[in-house]
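Open the model in your viewer and set it to cartoon. Keep side chains ready for selection.

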Amino acid sequence: MQDSYVHKGKRKILVDYLRQKMDIADENVLAAINRVPRHLFLESVFEDYAYEDRAFPILAKQTISHPSTVAEQTALLKIEEKDKVLEIGTGCGYQTAVLMAMKAWVYTIERQKDLHDFSQKKFRELHLRPKFQSFGDGFLGLPTFAPFDKILVTCGAEILPTELLHQLKVGGKMVIPLGKTDEQILTRFTKRSEREFEREEFGAYKFVPMLNDTNH
């Protein structure tokens, strides 16, 4: 698949929809979504629908999130250029690509080997270079590279992974869906001091579950 003028036109329509109908106001997020060819991260059978606000199945019984969800999560992080971002759940790599389009320094972990291999191959094809890409347990984070300016968890966690909060800089933000498997609340934590966190909630979503083992 190529990134044609038709694809670019559909992306512009998607961005207009996110801005006007979904109230995404962060123009840096919208510009990144406009740059990243979402259809290249999907099976070719879904190509014609790639720029609709829909989730699609990917490898390992996982899903690629709705573009509106990607936009909302990313906007909540308030990404700035050269922010050091830890992403838990690389998936097919689309969210990672959006973060990199915003010039963040992305460190990303995926627990499903099939998805880790797929995203690694896709990044090579698209000449995208995360700062670090790992196959492993997202609950553990990446303490070797901590602290991080921002942390994004792209899967739903029933229990707050406190180890990730320890890896956040003071002043940093973590966005994570929290709750049972049938519904999670998109939650943002801002680290005010080593022991104090501000917690904000932004509505109900449904994400694939965050699991704390690895599938080889």
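Start with one side chain: is Cys-92 buried or exposed? Cys-92 is buried, at a relative accessible area of 3%. Bear in mind that this is a predicted model.

**Stop 1: the cysteines.** Stay on Cys-92 and show its sulfur. The closest cysteine sulfur belongs to Cys-155, 13 Å away. A disulfide needs the two sulfur atoms within 2.5 Å, so this pair is too far apart for a bond. Now select Cys-155. Cys-155 takes part in no disulfide. Cys-155 also counts as buried, with 10% relative accessibility. Across the structure, the disulfide count is zero.

**Stop 2: the sheet.** Hide the side chains and colour by strand. How many strands form the open sheet? Seven do, and their order is S5-S4-S3-S6-S7-S8-S9. The pairing is mixed. Look at the edges next: they are strand S5 (132–135) and strand S9 (197–205), each pairing on one side only. Sight along the sheet for the twist, which averages 10° from one strand to the next.

**Stop 3: S6 and S7.** Select residues 148–153 for strand S6 and residues 168–178 for strand S7. These two strands run parallel and are joined by four bridges. Add Ile-151, then look across to S7: Met-174 stands opposite.

**Stop 4: the helix across the strands.** Which strands does helix H4 lie across? Select residues 94–101 for H4, then strand S3 (84–88), strand S4 (105–110) and S6. Helix H4 lies across these three strands. Against S4, helix H4 runs at about 170°.

Methods:
Residues are numbered from 1 along each chain as its sequence is written. This is a predicted model: local features need pLDDT of at least 70, side-chain atom pairs count only at pLDDT 80 or more; totals for chains, interfaces and linings use all residues. Side-chain values use heavy atoms; hydrogens and water are left out. Two strands pair if DSSP finds at least two bridges between them. Axes are lines fitted to C-alpha atoms, for helices over the stretch in contact, and angles run from 0 to 180 degrees between N-to-C directions. Contact means heavy atoms within 4.5 Å. Buried means under 20% relative accessible area, exposed over 50%, partly exposed in between (1.4 Å probe, protein chains only).
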